[in-house]
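Me: I have a model on screen and want to walk through it piece by piece. Can you take short questions and reason each one out?

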Amino acid sequence: MADRGAGGGLAGLRYAAPMRIRKLETYVLEGKAERAIEFGAGSYGTFTATLVELTTDDGITGIGECIARKAPRVTDRVVRDLLWPVVDGRDPRDAAGIWDDMFRQLRAWGHYRGFVQEAMSGIDQAIWDIAAKAQGIPLYKALGGAGRTSVPVYGSKVYTAPLDAMARSVQDNVVKAGHKAFKIQLGRSAASGGYRADIDVARVCREAAGPGIEMGADVNSAYDAATAIKVCHEIARYDLAFIEEPVYPDDIDGYELIRRSQPIPLAGGESEFGIFGFREILRRRAMDIVQPDVARIGGFTAAMRLGALVHAHNVRYAPHTGFSCGVAQLASLHLAAAVPNLWRSEQMFITENPLAEIFTAPLPTPANGEVRLPTAAGLGLELDMKKVAKHRLA
Ligand SMILES: [Mg+2]
């Protein structure tokens with residue numbers, strides 16, 4: 001039998017030294033924008049996130065973000081009280097096994113969605129950041145790599161405003177910025193014209209963009225299925241690349257009906273957890289473009305497992321970022337660089353997100369509709385602890 005020790009008998013055969021996760025730190029962040037953003041689900045002015053930082057016994061640190069649109073301290077408690085006991089002492093190169101053990105904590109008690117998976121997301125990203133740094137390669141390469149060093153993005157989002165202001169935003173943030181694709185906000189409240197005004201929004205924004213740029217529309221669940229079908233028939237003439245979340249995420253029957261009743265490709269998935277929800281959506285062929293959020297679905301491990309499902313069902317993959325802190329925005333780019341069937345990654349062009357620029361260097365920006373990934377190991381950017389401290393809640 002071969003000697004398995006260091007300097008053993010089989011030339012070139014090496015076994016990685018043990019590595020253990022030994023330290024947890026979390027950062028609960030909040031930042032207020034000067035002006036709230038108006039969209040279908042209401043307005044959003046206070047940005048929040050829970051960051052997870054893990055450190056190994058040999059001093060490698062990884063970071064990740066849990067989506068926390070409200071009450072970020074809840075996610076923090078789930079990370080600390082429920083999940084950290086599972087992660088403490090584990091080898092970060094066992095990401096898939098750690099993921100299954102975290103999920104197992106409450107699955108049999110019915111908690112297979114929600115805060116648990118959001119908390120798992122931050123931990124899993126931090127684990128992958130460490131695993132990539134330990135290999136000295138960018139995170140998207142550690143995930144398997146898809147041969148991309150840059151990813152196509154779409155500009156997000158032309159939010160609800162008077163029609164002329166939305167047209168100006170298309171000109172400034174999309175056309176002049178060199179984007180090849182973007183999305184607009186639909187789902188106006190009755191007070192601002194309702195679905196009839198949405199039809200005008202689609203027309204005005206298409207006219208501002210011209211014919212050569214792909215344009216999607218996000219409804220943030222403001223319609224019911226009947227309204228969605230009616231609106232889609234009206235706006236299809238403006239060449240929509242997709243209609244996103246026309247109805248509530250739990251209304252899969254509605255998605256199925258909408259997809260079969262009008263010509264615009266259907267997108268969604270930012271509100272979905274794990275891969276069981278996506279399994280049902282894809283089995284029913286209820287979406288054409290899936291938009292998981294790496295800070296909600298369960299981190300890179302779940303997002304890559306979804307990639308296999310997306311590939312098998314021959315639909316398209318478009319990672320979501322929305323109002324997330326810069327950590328999840330950067331993580332989404334790495335995910336986009338590694339998944340099969342990529343359409344485009346969401347690239348936020350709003351400037352009011354006070355948690356976006358949280359690193360010592362700026363987030364990568366698009367040129368000609370593509371973002372080049374950082375080349376340093378792991379996520380590739382380091383947290384700026386002064387900025388973190390400024391937004392950290394007590
Ligand atoms: Mg959306």
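What follows is a run of questions and replies on this structure.

Me: Before the details, what kind of model is this, and how are residues numbered?
Reply: This is a predicted model, in which local features need pLDDT of at least 70, side-chain atom pairs count only at pLDDT 80 or more, and totals for chains, interfaces and linings use all residues. Residues are numbered from 1 along each chain as its sequence is written.

Me: What is the mean pLDDT of the chain?
Reply: pLDDT is the predictor's confidence in each residue, from 0 to 100. Over residues 1-8 the pLDDT is below 50. Of the chain's residues, 96% reach 70 or more, and the mean is 94.

Me: How far apart do the C-alpha centres of domain 1 and domain 2 lie?
Reply: The bounds come from an automatic or database domain assignment. Domain 1 covers 21-137 and domain 2 covers 141-379. Their C-alpha centres are separated by 22 Å.

Me: Which element gives the largest share of the side of domain 1 that touches domain 2?
Reply: Contact here means C-beta atoms, placed from the backbone, within 7 Å. Domain 1 puts 44 residues into the contact and domain 2 puts in 39 residues. Elements giving two or more residues on the domain 1 side include strand S1 (21-39), helix H2 (95-107) and helix H3 (115-135); helices (H or I, at least four residues) and strands (E, at least two) are DSSP runs, numbered from the N terminus. The largest share, 14 residues, comes from H3.

Me: By class, how many nonpolar residues has that side of domain 1?
Reply: Ala, Val, Leu, Ile, Met, Phe, Trp, Tyr, Cys and Pro count as nonpolar, Asp, Glu, Lys and Arg as charged, and the others, Gly among them, as polar. The side of domain 1 that touches domain 2 has 11 polar and 11 charged residues. Its nonpolar residues number 22.

Me: Which strands stand at the edges of the open sheet of three strands?
Reply: Two strands pair if DSSP finds at least two bridges between them. The order is S1-S2-S3, with antiparallel pairing. An edge strand has a single partner, so one side is left without a neighbour in the sheet; that applies to S1 and S3.

Me: Which residue in S2 stands opposite Tyr27?
Reply: S1 and S2 run antiparallel and are joined by 14 bridges. Opposite Tyr27, in S2, stands Leu51.

Me: What angle does H3 make with S3?
Reply: Axes are lines fitted to C-alpha atoms, for helices over the stretch in contact, and angles run from 0 to 180 degrees between N-to-C directions. H3 lies across S2 and S3. Its angle to S3 is about 155 degrees.

Me: How many of the nine residues of S4 are buried?
Reply: A residue is buried if 20 or more other C-beta atoms lie within 10 Å of its own, exposed if 12 or fewer, and partly exposed in between, with C-beta atoms placed from the backbone. S4 is mostly covered. The buried count is eight.

Me: Which strand pairs with S4 in the parallel sense over four bridges?
Reply: Strand S12 (residues 370-372) runs antiparallel to S4, with three bridges. Strand S5 (residues 181-185) is parallel to S4, over three bridges. The parallel pairing over four bridges is with S11.

Me: Which residue does a cis peptide bond join to Ser156?
Reply: Omega of this bond is about 5 degrees. The partner lies in strand S4 (residues 150-158). It is Lys157.

Me: Is Asn314 buried or exposed?
Reply: Asn314 sits in the loop between helix H10 (299-313) and strand S10 (316-317). Its phi is near 55 degrees, a positive value in a residue other than glycine. Because 10 other C-beta atoms lie within 10 Å, Asn314 is exposed.

Me: Why does Leu143 count as buried?
Reply: Leu143 is in the loop between helix H4 (139-142) and S4. Beyond residues up to four places away in sequence, it touches Trp128, Phe300, Met304, His334 and Ala338. Leu143 counts as buried because its C-beta neighbours inside 10 Å number 23.

How values were computed:
Two residues are in contact if their C-beta atoms, placed from the backbone, lie within 7 Å.
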